[in-house]
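Visitor: Hello! I am new to protein structures and would like to learn how to read one, feature by feature. Could you walk me through an example?

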Amino acid sequence: MITYDKLYIGGRWTAPAKKDLLEVRSPHDRSLVGRAAEATAPDVDLAVAAAREAFDEGPWPRLSPTERQKVIARFNDLYAERAEEIADLTTAENGSARWFTGWTAAALSQQTDAFLRAAAALPWEEELPRTDGATGRILVRREPVGVVAAVIPWNAPHQSALVKMVPALLAGCTVVLKASPENALVTLLLGEILTAAGVPEGVVSILPADRETSEYLVSHPGIDKIAFTGSTGAGRTVAAIAGRQLKRVSLELGGKSAAIVLEDADLDAMAEGLKFLSFANNAEACVAHTRILVHRSRYDEAVARLKDLVESLTVGDPADPGTFIGPMVRADQQERVRSYIETGIREGARLVTGGPGVPAGLEGGYYVTPTLFADVDNSMRIAQEEIFGPVLVVIPFDDDDHAVRIANDSPYGLGGGVWTADEARALDIARRVRTGTFAVNGAPFSFDGPFGGFKSSGIGREFGTVGLTQYVEYKTIAA
């Protein structure tokens, strides 16, 4: 059993104000994984004060960009050395299947490498040519935005943490990272790596905490910028707080992404691709492709192929390398997904496979049976609302214009894709669907390209150069 009885505040392991430790339990069998300190408002005050002092008076913002890059490169090397340990602990806490946590822990080194490339190439100070006939120089500087409150969800703890913390640190910011209680252990582990990498005192704090403490943090007058990943409802609350205080804010929120299957699609390739695009991380992913739009001429064939896919998914102990889908993270999340399945049945959708029951033999954990609905109308709740679990809905369409209308008929705009043998047609559809990312035939994305959402899926972007510049302010100097 793992115990972190102290919080990582300003680079120091500090006793929390609250003496009782969190119990972190496995969603697979509810066994005790470990105990961790839980932050409350006094701990937030300490962390923000440390970050404020480190930003206003400390060396980190005043180092050269190259010097900061060297520290983050050391962090990345040390992180890679512990990738297997991180993957095991994430699986134990989250219930995410081990194949997924192993892949993620390895991929995060690539994510950080992309930020390092962006930081090395970015002109932190540049001179613009004068075009007005005046004498003198015009200098444009990219300066750190200040103290960052990075608030992350439970479903991908290190990905959500590093996609905020790394660019913020490269820009010269200081960071207070607020983690979910479900991931207290693996997130506090980051403190060990940060210290070993040589991140100075005061620059980073890590606080596992509840929603009330999270709201206290983002409302704190010492915070300059909020970087949030979570539900759209919570994002609206964060945006309102930021608006009242005129804080900089970026939001990575929910999704209800559509995969469009044209009449010339390779259905075997489609099913293999959606296995990962729709069900990775137990389908507890904002980018999951959960609305499958199929041309009527291939509809019955596609439904049959998707039925085979859903029924082939191995559900069970997430630590077992043969498991593809583990449990939901908590009892309330399990109940939420099961209630949506019941809603779909009441709405009149055709239940092709699955259902609200718990898989046999897995009643001791927070499991859900992977479920497929067909004959779904896009106005149904199961087509409009983010379920955040292994539930797919299949919707027929008549032509490309109809498919695009259905795809865009959503409050969300995070991801999506198209399956077809015609690349020109695919790109035409991709340009018309209002989402931040879009995949043609399951093509993989790059950490160099921006990631984020349209509409209720968020504000701002992450990854690469665009993600890095979310943590800078621009200053113009005339000399």
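Guide: Here is a short tour of the structure shown above. Please keep in mind that this is a predicted model.

Visitor: Let us begin inside. Which residues touch the most other members of the largest nonpolar core?

Guide: The general idea is that in soluble globular proteins, nonpolar side chains tend to be buried together. In this model, the largest nonpolar core has 62 residues, and F75 and V204 touch the most other members. A second, separate core holds 31 residues, including I260, L293, I395 and F438.

Visitor: What does V204 touch, leaving out residues up to four places away in sequence?

Guide: With those sequence neighbours left out, V204 touches Y8, I9, G10, G11, M165, L169, V175, L194 and V199.

Visitor: Now a single residue in a helix. Is T112 buried or exposed?

Guide: Look at the relative accessibility and compare it with a cut-off: under 20% means buried. T112 has 0%, so it counts as buried. T112 sits in helix α4, which runs over residues 98-121. Beyond residues up to four places away in sequence, T112 touches I72, N76 and V166.

Visitor: And A196, is that buried or exposed?

Guide: Here the cut-off to use is over 50% for exposed. A196 has a relative accessibility of 57%, so it counts as exposed. A196 belongs to helix α6. You can also compare sequence with space: A196 and G355 are 159 residues apart in sequence, and their C-alpha atoms are 48 Å apart.

Visitor: How do I read two helices that pack together? At what angle do α3 and α4 pack?

Guide: Start with the angle and the distance between the axes. Helix α3 (residues 83-94) packs against α4 at about 140 degrees, and their axes are 8 Å apart. That angle makes α3 oblique to α4; the label roughly antiparallel would need an angle over 145. The crossing of α3 past α4 is right-handed.

Visitor: Which residues make that contact?

Guide: From α3 come A83, E84, A87, D88, T90 and T91, and from α4 come R98, T101, G102 and A105. By class, the residues of this contact are 3 nonpolar, 4 polar and 3 charged.

Visitor: Let us try another pair. How do α5 and α6 cross?

Guide: Helix α5 (residues 157-171) and helix α6 (residues 184-197) cross at roughly 45 degrees, and their axes come within 10 Å. Therefore α5 is oblique to α6. Here too, the crossing of α5 past α6 is right-handed. On the α5 side, P157, H158, A161, L162 and M165 take part, meeting V186, T187, L190 and L194 of α6. This contact has 7 nonpolar, 2 polar and no charged residues.

Visitor: My last topic is backbone angles. What is the sign of phi in R30?

Guide: As background, most residues other than glycine have a negative phi. R30 has a positive phi, near 65 degrees, and R30 is not a glycine. R30 lies in the loop between β4 (22-25) and β5 (32-36). With a relative accessible area of 37%, R30 is partly exposed.

Visitor: What about N281: what is its phi, and is N281 buried or exposed?

Guide: N281 also has a positive phi, about 60 degrees, although N281 is not a glycine. N281 lies in the loop between α9 (267-279) and β14 (289-295). Its relative accessible area is 3%, so N281 is buried.

Visitor: Thank you, I will look for these features in the picture!

Terms used: Residues numbered from 1 in each chain as written. Predicted model: local features only at pLDDT ≥ 70, side-chain atom pairs only at ≥ 80, totals over all residues. Heavy atoms only, no water. Core = buried A, V, L, I, M, F, W, Y, C linked by side-chain atoms within 4.5 Å. Buried < 20%, exposed > 50% of the residue type's maximum accessible area, 1.4 Å probe, protein only. Contact = heavy atoms within 4.5 Å. Helix = DSSP H or I, 4+ residues; strand = E, 2+ residues; numbered from the N terminus. Axes fitted to C-alpha atoms, helices over the stretch in contact; angles between N-to-C directions. Parallel < 35°, antiparallel > 145°, perpendicular 65-115°, else oblique. Left-handed = near helix turned anticlockwise from the far one by under 90°. Nonpolar A, V, L, I, M, F, W, Y, C, P; charged D, E, K, R; others polar.
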